[in-house]
Amino acid sequence: RDRAGATFEYKTSQTSNSFNIVACTGAPSLSLVLVVSGILLAKEWGVNTVDDSTNAILSMISYANEGDTIVGLNQDNKLICNLSEFTVTKSLHFRDFNFLRTVNLGGRRDFLKFIGVDGFSVRHCTFDSNGQTIGSGVRNQAISILESSNGYIKFNKVIQETDGMFIYRDCVNINISNNSFFGGLLGVATGGDETGNVAGYSSGITISENYFNGINSEAIDINWDTRQFHVDNNLIIGCGTDGAFNENIDVGGGSPNEQGTILGNTIIISNDDTSGIRLKLDTHNVAVKNNIIFSSTGAPLTNVTSGIVLELGVKALDISSNRITGFDYGLFADADGEDITIDKNTILGSRVRCISHGLKNTRVTNNTIDATTLTATHAIRATSTTECTVDNNTITAHRSCIGVELANIDEGSASGNRINGTSKAIVASSGCTDCDIHNNKIKGTGDTQIQVTSCDAMSVNHNKIKDSNIDAGSFSID
């Protein structure tokens, strides 16, 4: 019997260096005393595993008062919890637990589940599924949060077989930062309900300064109506490994995901079929800036992968000051969207492509692109867009490449660019209308540096061409 009046029955096992809590009776008032009593006793007996498969310890937490802190003393003492997820419905703060699974589970088993809680935290805990699996198609998280607010999940470690942490619908001001995630299907995801289909806005979501390694699918998945989100300064290594055209940071799904930032993340990719950042499906008013995305192989990935992908209805995006290295496409915009800025990015060993029927008001400006490792392709290609400007970029490309290619552009421009080493610096074709090709500085190696074919109402002037093969064919109109 402890100081709060709870009675325990203990069983010890020297062979397994652990003990089981078989039963708990009483109605304690301080969960802090109760939880610590069991784990402290384990420590005093020289064992490091508490088997709570009957949920004796976790069931005591239901007696805690609002605002209590539940302390596991330290992460060296493992708490085995296999039977069911523990649901928290009041303001509680967890610290210094090492949660462990030891059996395969059928059905849903979250370690901690917060529902309808205002003010909670989980700090310095470890969640280890120990390689155990769950039923097919069932989500299983270290922590899940639903209809809750003002939560802080910090300095934890997730060693997972399935999902890491999920922020479901109707959550406000949730901060997940300084955590480490190893393996599993997803790292951190937002939106919907437990079925993954029901919309409900969440806002004020911060996912920052976390470490993700070896996540099978997305490390971070922002979807189903998430607003005012911040995905900043995370380190993501070797994720998206299941070969299903994944991305490391995925934004989009459901109603608009808007008013967000993706800033200062470092993404290291080592496999084909995986992109760095994808924005899709009515993602609006998002800034993607100062990220570093590169292939750890040191060579361009061969499949159609991209550092950053934009698709399916995105609007008002600012893609600026990112550094992207070693992909098929450094940036690929295939989107029926509008008002997209691609500015001041450094793209090495890759190319940029903007292609869509219905993409409007796109600005590809002030970027530095080195495509010298790619052959028989383009550095920048824009097709089937309206009001597309490709201006003031610095491009160095392989001698078999095109610097800037415009096709079927209405009201566009390719002006003020510096283009070096290409067989053709600027090509406009296939129905371009009312486009300007002005004030470009070109140093090429081919026969025709500016080529205009099958276009209407084009203005081509004040360009400077220095070509090792310069002749009358360096500029052509067909």
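Which residues are linked with Glu247 in a network of salt bridges? In this predicted model, the network joins Glu247, Asp250, Arg278, Lys280 and Glu311. The report starts from these charged contacts and then turns to the nonpolar cores, the aromatic rings, one loop residue, the cysteines and the confidence of the model.

**Salt bridges**

The structure contains 11 salt bridges. Side chains of opposite charge can pair when their charged atoms come close. Three of the pairs are listed here with the distance between their closest N and O atoms.

| Pair | Closest N and O atoms |
|---|---|
| Arg169 and Asp170 | 3.0 Å |
| Glu247 and Arg278 | 3.3 Å |
| Lys289 and Asp318 | 3.3 Å |

Glu247 and Arg278, which form a salt bridge with closest N and O atoms 3.3 Å apart, sit in two strands: Glu247 is in strand S24 (residues 246–251) and Arg278 is in strand S27 (residues 274–280), so their salt bridge ties together parts of the chain that are 31 residues apart in sequence. Both partners, Glu247 and Arg278, are buried.

The salt bridge of Lys289 with Asp318 has its closest N and O atoms 3.3 Å apart. This pair also links distant parts of the chain, with Lys289 in strand S28 (residues 283–289), Asp318 in strand S31 (residues 315–320), and the two positions 29 residues apart. Lys289 has a relative accessible area of 29% and is therefore partly exposed. Asp318, at 23% relative accessibility, is likewise counted as partly exposed.

Arg169 pairs with Asp170 at 3.0 Å between the closest N and O atoms. Asp170 has a relative accessibility of 36%, so this residue counts as partly exposed.

**Nonpolar cores**

The largest nonpolar core holds 91 residues. Phe94, Phe114, Phe127, Ile143, Leu279, Ile308 and Leu310 have the most contacts inside this core. Strand S38 (residues 378–391) contributes the most to the core, giving five residues.

What does Phe114 touch, not counting residues up to four places away in sequence? The contacts of Phe114 are Val88, Phe94, Phe120, Val122, Ile143, Ser144, Ile145, Leu146 and Ser148. Among these, Phe94 and Ile143 are also named with Phe114 as residues with the most contacts inside the largest core.

A second core is separate and has six residues, including Tyr168, Leu186, Ala189 and Trp224.

**Aromatic rings**

The whole structure has 11 aromatic pairs. In one of them, the ring centres of Phe97 and Phe99 are 5.2 Å apart and the planes meet at 15°, so the pair is stacked. Phe97 is buried at 2% relative accessibility, and Phe99 is buried at 0%.

Phe99 also forms a stacked pair with Phe127, at 5.2 Å centre to centre and 15° between the planes. This pair connects distant parts of the chain: Phe99 is in strand S8 (residues 98–100) and Phe127 in strand S11 (residues 126–128), 28 residues apart. Phe127 has a relative accessibility of 1% and counts as buried.

Phe97, Phe99 and Phe127 belong to one aromatic cluster, which also includes Phe94, Phe111, Phe114 and Phe120. Of the cluster members, Phe94, Phe114 and Phe127 appear again among the residues with the most contacts inside the largest nonpolar core.

**A loop residue**

Glu209 lies in the loop between strand S19 (202–208) and strand S20 (211–213). Its relative accessibility is 45%, so Glu209 counts as partly exposed. Not counting residues up to four places away in sequence, Glu209 touches Asn178, Asn179, Asp232, Asn233 and Asn234. The C-alpha atoms of Glu209 and Ser180 are separated by 9.3 Å, the two residues being 29 residues apart along the chain.

**Cysteines**

How many disulfides does a search of the whole structure find? The search finds zero disulfides. Cys125 is buried, with a relative accessible area of 0%. Cys239 is also buried, at 0% relative accessibility.

**Confidence**

The protein chain has an average pLDDT of 78, and 71% of the residues score at least 70. Among the elements, strand S13 (residues 149–154) has the highest mean pLDDT, 97, and strand S2 (residues 18–25) the lowest, 44. Residues 10–47 have a pLDDT below 50, and this stretch makes 96 contacts in the model beyond near neighbours in sequence. Where pLDDT is low, the predicted coordinates should not be read in detail.

Technical notes: Residues numbered from 1 in each chain as written. Predicted model: local features only at pLDDT ≥ 70, side-chain atom pairs only at ≥ 80, totals over all residues. Heavy atoms only, no water. Disulfide = S-S within 2.5 Å. Buried < 20%, exposed > 50% of the residue type's maximum accessible area, 1.4 Å probe, protein only. Salt bridge = Lys/Arg side-chain N within 4 Å of Asp/Glu carboxyl O. Helix = DSSP H or I, 4+ residues; strand = E, 2+ residues; numbered from the N terminus. Core = buried A, V, L, I, M, F, W, Y, C linked by side-chain atoms within 4.5 Å. Contact = heavy atoms within 4.5 Å. pLDDT = per-residue confidence, 0-100. Phe/Tyr/Trp six-rings, centres within 6.5 Å; stacked < 30°, edge-to-face > 60°.
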